[in-house]
Amino acid sequence: MDIKLLEDLSSLMNREGLNKLKIDDGNFSVHLERGNSNYIESSISNEKTITMKEEVVEQRNTINAPLVGTFYQSAGSGAKPYVEINQSIKKGDVLCIIEAMKVMNEIVAQEDGVIKDILVKDEMIVEFDQPLFVIE
């Protein structure tokens, strides 16, 4: 395992908004985490540890996926998205739909705020507790 691969994985995590990444192919395993610390630590099975410096991750208030499924920004193809960046939201506003097992689940705001970023793309598969939106 080389530093270049770890840097590429770190870039992938930043680009996709991932907080954790685990890879295990039998010969080696890597576990990367992002959070409020200044470092990412990668443990490799031969007991060596590589530590890379990363920019300090700012504290962000996110709205996370309550279930695994397919993320939809609007009610249908060609329809206006439920929310857009810099849009004010109120508690109870529909933010998106997550489809799970052919059931369309409306995800609603739990508090008032402003959408500062949308972290996933339309029709993307999302994991439980994956950040979807950054609010302020």
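Val68, Ile125 and Phe128 make up a nonpolar patch on the surface of this predicted model. Together the three residues offer about 310 Å² of accessible area. Val68 lies in the loop that joins β5 to β6, the latter spanning residues 69–72. With a relative accessible area of 43%, Val68 is classed as partly exposed, because that class covers the values between 20% and 50%.

The strand before this loop, β5, belongs to an open sheet of four strands. The order across the sheet is β5-β12-β10-β7, and the pairing is antiparallel. β5 (61–64) and β7 (88–89) are the edge strands, each with a single partner, so one side of each has no neighbour in the sheet. The partner of β5 is β12, residues 131–135, and the two strands run antiparallel with four bridges between them. Within this pairing, Thr62 sits opposite Val134 of β12.

At the other edge of the sheet, the chain leaves β7 and enters the loop leading to β8 (94–100), where Lys90 is located. Lys90 has 53% relative accessibility and therefore counts as exposed, the cut-off for that class being over 50%. Leaving aside residues up to four places away in sequence, Lys90 touches Ala109, Glu111 and Asp112. For one of these, Asp112, the C-alpha atom is 4.2 Å from that of Lys90, although 22 residues separate the pair in sequence.

A second pair involves the helix. Ser10 is part of helix α1, which covers residues 3–16. Its relative accessibility is 11%, so Ser10 counts as buried, the limit for that class being under 20%. Between Ser10 and Lys20 there are 10 positions in sequence, and their C-alpha atoms are 10.0 Å apart.

These elements fit into the following overall arrangement. The protein contains one helix and 12 strands. Along the sequence the helix comes at the start of the pattern, which reads α-β-β-β-β-β-β-β-β-β-β-β-β. Of the contacts with a sequence separation of 6 or more, 46% are between residues 24 or more positions apart.

Of the 136 residues in the protein, 32% are buried, Ser10 being one of the buried residues. The accessible surface of the protein amounts to about 8,800 Å². Carbon and sulfur atoms account for 48% of that surface.

Notes:
Residues are numbered from 1 along each chain as its sequence is written. This is a predicted model: local features need pLDDT of at least 70, side-chain atom pairs count only at pLDDT 80 or more; totals for chains, interfaces and linings use all residues. Side-chain values use heavy atoms; hydrogens and water are left out. Two strands pair if DSSP finds at least two bridges between them. Buried means under 20% relative accessible area, exposed over 50%, partly exposed in between (1.4 Å probe, protein chains only). Contact means heavy atoms within 4.5 Å. Accessible areas come from the Shrake-Rupley method with a 1.4 Å probe; for residues, only the protein chains shown count as cover. Patches are made of residues with over 30% relative accessible area and no salt bridge: like charges are joined within 9 Å, nonpolar side chains (Val, Leu, Ile, Met, Phe, Trp, Tyr) within 5 Å. A salt bridge is a side-chain nitrogen of Lys or Arg within 4 Å of a carboxyl oxygen of Asp or Glu.
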